[in-house]
Amino acid sequence: MANFRELLSELAIAGRIARSRLQGQMQYRASFVLQIAGNFIINFAELLALIIMFQHFHHLGGWNIREVIFLYGLSATMFGLAQMIGSGLDQFPAQMRLGEFDRVLTRPLSTFIQASVTDISLRYFGQMLQGLVILGYAVFALDVHWTAAKLLLLFLSIFSGVVLFLSLFAIEAVLCFWTVESTEAINAFTYGGSDLAQYPLSIFDRWLRRLFLWLIPIGFVSYFPAVTILDKHDPLGFPAWTGFAAPLAAGLFALATGWLWGFGVRHYRSTGS
Amino acid sequence: MRVYIELARRSFAQQFAYREATLAGLFTNSVFGIMLASVFLGLYQSRSGPVAGWSADETVRYVWINQSLLMVLFVWGWWEVAQTIRTGAIVTDLLKPIDYYAYWMARDVGRAGAQLIIRGMPTLAIGWVLFHLQFPTSPVRWVEFLVSIFFAVLVSFAFRFLINLATFWTIDYRGLSYASIVLVNLFSGLLLPLTFFPAWLLTIANLLPFRSLMMLPNEVLAGHRSPWSAYGLQIFWVVALSALAQLVMKRAEKKLVVQGG
């Protein structure tokens, strides 16, 4: 219980830091509006490409355009939200190089929270908003038969997706305790993972499916919940409740990430400059 | 001229220094290549016959060529000139007795050449192994493809240089960066062959410089377009964008105010 209260108070502090960062960004109003609009439109270009593709093709692995748009909205929402919360982790390598991480270690607040809220980027707000709008459109156009369980599953899916992507950002950041050059490989799982989540997992080759189910459980947080919510047939033969395993998959991944983070921090040697 | 060749050569050699980063990048390009190729293969299963002249095999090859060209054309996130404007370093650069535009262009050509070898060719080879890509056997076709890639690099550079100059007027270039990513992603043919577009959008795409980047080299390799019509369009855009960049440079130099000391 004491731990829980400690976590809450840490989150409250994180919230206050985040708010001051946001206020700082509002100072450059024109740039700020352009950033939100820009991020809103970036994904719109992708969505437009998707719609154009479906002018020529009838379905993708048995999913029609609206169902694929649902997946797209789901993925964009969770990825946008995770980017908004964790964009400070982008600057982690620079912090490390400049020796600023020393200062982080001296403060009585979780190193992870400090690293992630160094820069709450409102520009990703545009992306999340766009995801939500698209998701909303798909839900409306698809005429989903909502039940309490499905609604719960939708929230679980988004929540688990945010946890999973935040963990991936954390892994990307913590890798720079050992290497600065090869962090680009993580893009295959962050950007690649959010792209992959836009399509039905069943269309991919066996080893790609295994990679994105058992190593990086992106299929668990997006594909399986979508299968259940949209009453789709899953050719992979997983049981119907698999969608509800999303929080478990994301939770386990977050635990492993937390361990890696702690390991990295313990092995940190300052640049000494 | 010799100084520019030397600049290109050095920038070429520099690219080979980051071995780990290159391997990591190859991995990322490959995952994206596999993913996008699988999506198109899945889509082509829902119909028979080619789309707008592109068969399933050609489209899968298209996806891999785009992944191979990404780092060569370097369409996203090149702000080196903008950074020199921001820090004021541009002042000393402008004092050097070489043409500022040609200086950066030479460096970019060197960079692109190296990236073609360390990122482009390996990525295409991976796609060839995994998806059994079919390539033209005529060596002439390959030479034509390479020439159109060279011109694509020049168009890409001219465009990037031009938007970097915007930093003279606005210090924060992030908004501009997003706008340019949208334009490039949609209208270069990066996401899908431009001929898939509905007529009205294709008209817009044809009027913009971006199709010189991905679409034209792809069309040349696939034999969908005569190489000379591709070169003609690309050269037109290199000249037009470069002239515009010179014009903007002149105006910018007049109002150049440098921060700090």
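In this predicted model, a good place to begin is a pair of helices in chain B, where the axes of α7(B) and α10(B) come within 9 Å and cross at roughly 175 degrees. Because an angle over 145 degrees counts as roughly antiparallel, α7(B) is described as roughly antiparallel to α10(B). On the α7(B) side the residues that meet α10(B) are Arg141(B), Glu144(B), Phe145(B), Ser148(B), Ile149(B) and Ala152(B), and their counterparts in α10(B) are Leu216(B), Pro217(B), Val220(B) and Leu221(B). Sorted by class, the residues of this contact between α7(B) and α10(B) comprise seven nonpolar, one polar and two charged.

Helix α7(B), which spans residues 139-165, also packs against helix α3(B), residues 56-73, and here the angle is about 50 degrees, with the axes 10 Å apart. That angle makes α3(B) oblique to α7(B), and α3(B) passes α7(B) in a right-handed crossing. From α3(B) the contact draws on Leu69(B), Val72(B) and Leu73(B), while α7(B) contributes Ile149(B), Ala152(B), Val153(B) and Ser156(B). The residues where α3(B) touches α7(B) divide into six nonpolar and one polar, with no charged residue. Two residues of α7(B) may already look familiar to the reader, since Ile149(B) and Ala152(B) take part in the contact with α3(B) and are also listed in the contact with α10(B).

Stepping back to chain B as a whole, one finds eleven helices and zero strands, so the pattern read along its sequence is α-α-α-α-α-α-α-α-α-α-α. The C-alpha atoms of chain B fill a box of roughly 65 × 40 × 30 Å, taken along the principal axes. A compact globule of 261 residues would have a radius of gyration near 18 Å, and the 19 Å found for chain B agrees with that expectation.

Chain A offers a helix pair that can be read in the same way, namely α3(A), residues 65-86, and α8(A), residues 148-174, which pack at an angle of about 50 degrees with their axes 8 Å apart. This angle makes α3(A) oblique to α8(A), and α3(A) passes α8(A) in a right-handed crossing. The residues of α3(A) involved are Leu74(A), Thr77(A), Met78(A), Phe79(A), Leu81(A), Ala82(A), Ile85(A) and Gly86(A), and they meet Ser157(A), Ile158(A), Gly161(A), Val162(A), Phe165(A), Leu166(A) and Phe169(A) in α8(A). By class, this contact of α3(A) with α8(A) has eleven nonpolar and four polar residues, and no charged ones.

The two chains also touch each other, with 36 residues of chain A in contact with 33 residues of chain B. On the chain A side, α2 (29-56) and α9 (187-196) each supply at least two residues, and α2(A) gives the most, with 15 residues. The side of chain A that touches chain B holds 18 nonpolar, 13 polar and five charged residues.

It remains to consider the confidence attached to the prediction. For chain B the mean pLDDT is 92, and 97% of its residues reach 70 or more. Within chain B, confidence is lowest in helix α5(B), residues 90-95, at a mean of 82, and highest in helix α10(B), residues 215-222, at 97. For the complex, the predictor gives an ipTM of 0.86 and a pTM of 0.89.

Notes: Residues are numbered from 1 along each chain as its sequence is written. Chains are lettered from A and ligands numbered from 1 in the order in which they are written. This is a predicted model: local features need pLDDT of at least 70, side-chain atom pairs count only at pLDDT 80 or more; totals for chains, interfaces and linings use all residues. Axes are lines fitted to C-alpha atoms, for helices over the stretch in contact, and angles run from 0 to 180 degrees between N-to-C directions. Helices (H or I, at least four residues) and strands (E, at least two) are DSSP runs, numbered from the N terminus. Angles under 35 degrees count as roughly parallel, over 145 as roughly antiparallel, 65 to 115 as roughly perpendicular and the rest as oblique. A crossing is left-handed if the near helix is turned anticlockwise from the far one by less than a right angle, and right-handed if clockwise. Two residues are in contact if their C-beta atoms, placed from the backbone, lie within 7 Å. Ala, Val, Leu, Ile, Met, Phe, Trp, Tyr, Cys and Pro count as nonpolar, Asp, Glu, Lys and Arg as charged, and the others, Gly among them, as polar. pLDDT is the predictor's confidence in each residue, from 0 to 100. The radius of gyration is taken over C-alpha atoms; the globule rule is 2.2 Å times the number of residues to the power 0.38.
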